[in-house]
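Please read this note with the sequence and the model open side by side. The points are meant to be followed one at a time, with each named residue located before moving on.

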Amino acid sequence: MAEGKKEYQTGDLISINRGPYHHWALFWKHDNGKDYVAHVSGGTTHGKQIQSEFKVDELQKVVNGSPFSVNEELTHLKPRSPEEIGKVIQNTIGQKISYDPLGNNCQHIASNIRFGQRKSPEGDKGIKVLNQNLDRFGKEMDHFSGFGTEKFN
C-alpha cells in the first residue's frame, strides 16, 4: 500500500520491508499532522542477549523510504479494541525488551499488543529453515560419526 492511501487505526500492524526481513510496528496515533507508530527499536548486546526498547516514533522516520503497508496476515486472530491497544502501548513505552530475531522479535511484540498473542510467521519460517539446515548438517556429520574411534594396531 502506498503511504497516504489509508486512514490508519490504532493497532494497525505496519509491515516495513527491509529487504531480507520486515520490521513491524503498530500504528498508534495521528497528532499535529504526523502519524506515529510504536515499535521495538535499537539494540545493545549484553553477553548473548540483545536488549531493545519499545518506543514511539514518527511513521516516516521509521519507514525511512522503505516500502510499507498495513499487514493483515494474522486476520484469523481477534484484535483488542483500539482503546485497549492504545493503553497497552502507553504502558509499554520505554520498556526494555529482550530481543531474539526468531523467538521474540518486533512482530512477536506487535502481535502480542494487538492480539494478546505472540505470533511471528516470519520468525516461524526462520526457525523452520534453521531446523532444516541443522537436520541436513546432522545427517552429513553422521558419515563421520565413527571417525577417530577405530583402533589401529
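The numbered points below go through strands, a helix, the nonpolar cores and one histidine.

1. Before anything else, please keep in mind that this is a predicted model, and that the values quoted here are computed from it.

2. A good place to begin is the pair of strands β3 (residues 34–46) and β4 (residues 49–58), which run antiparallel and are joined by nine bridges. Together β3 and β4 make a hairpin with two residues between them, and in that turn G47 has a positive phi of about 65°. To check the register for yourself, find Y36, whose bridge partner in β4 is E58.

3. Strand β4 also pairs with strand β6 (residues 96–99), again in the antiparallel sense, over four bridges. Here Q51 stands opposite S98 in β6.

4. Turning to helix α3 (residues 106–115), I would point out that nine of its 10 residues are buried, among them C106, H108, I109, I113 and F115. At the N-terminal end of α3, N105 acts as a cap, with a side-chain oxygen 2.8 Å from the backbone nitrogen of Q107. The residue that follows α3 is G116, which has a positive phi near 80°.

5. Which residues touch the most other members of the largest nonpolar core? In this core of 17 residues they are L13, L26, V40, F54, I89, I109 and I113. At least two residues of this core come from each of β2, β3, α2 (82–92) and α3, and α3 gives the most, with five residues. Apart from this core lies another, of 11 residues, which includes I16, F27, V37 and F68. As background, nonpolar side chains in soluble globular proteins tend to be buried together.

6. L26 deserves a separate look, since a list of its contacts shows what surrounds one core member. Leaving aside residues up to four places away in sequence, L26 touches G11, D12, L13, Y36, V37, A38, I89, A110, I113 and R114.

7. Finally, consider H22, which lies in strand β2 (residues 22–31). Is H22 buried, partly exposed or exposed? H22 counts as partly exposed because its relative accessible area is 26%, a value that falls between the 20% limit for buried and the 50% limit for exposed. The side chain of H22 is joined to that of S15 by a polar contact of 2.6 Å. H22 and P67 are 45 residues apart in sequence, while in space they are 9.9 Å apart, C-alpha to C-alpha.

Definitions and conventions:
Residues are numbered from 1 along each chain as its sequence is written. This is a predicted model: local features need pLDDT of at least 70, side-chain atom pairs count only at pLDDT 80 or more; totals for chains, interfaces and linings use all residues. Side-chain values use heavy atoms; hydrogens and water are left out. Buried means under 20% relative accessible area, exposed over 50%, partly exposed in between (1.4 Å probe, protein chains only). A polar contact is a pair of N or O atoms within 3.5 Å; within protein, one must be able to donate a hydrogen and the other to accept it, and residues adjacent in sequence count only if both atoms are side-chain atoms. Two strands pair if DSSP finds at least two bridges between them. A nonpolar core is a set of buried Ala, Val, Leu, Ile, Met, Phe, Trp, Tyr and Cys residues joined through side-chain atoms within 4.5 Å. Contact means heavy atoms within 4.5 Å.
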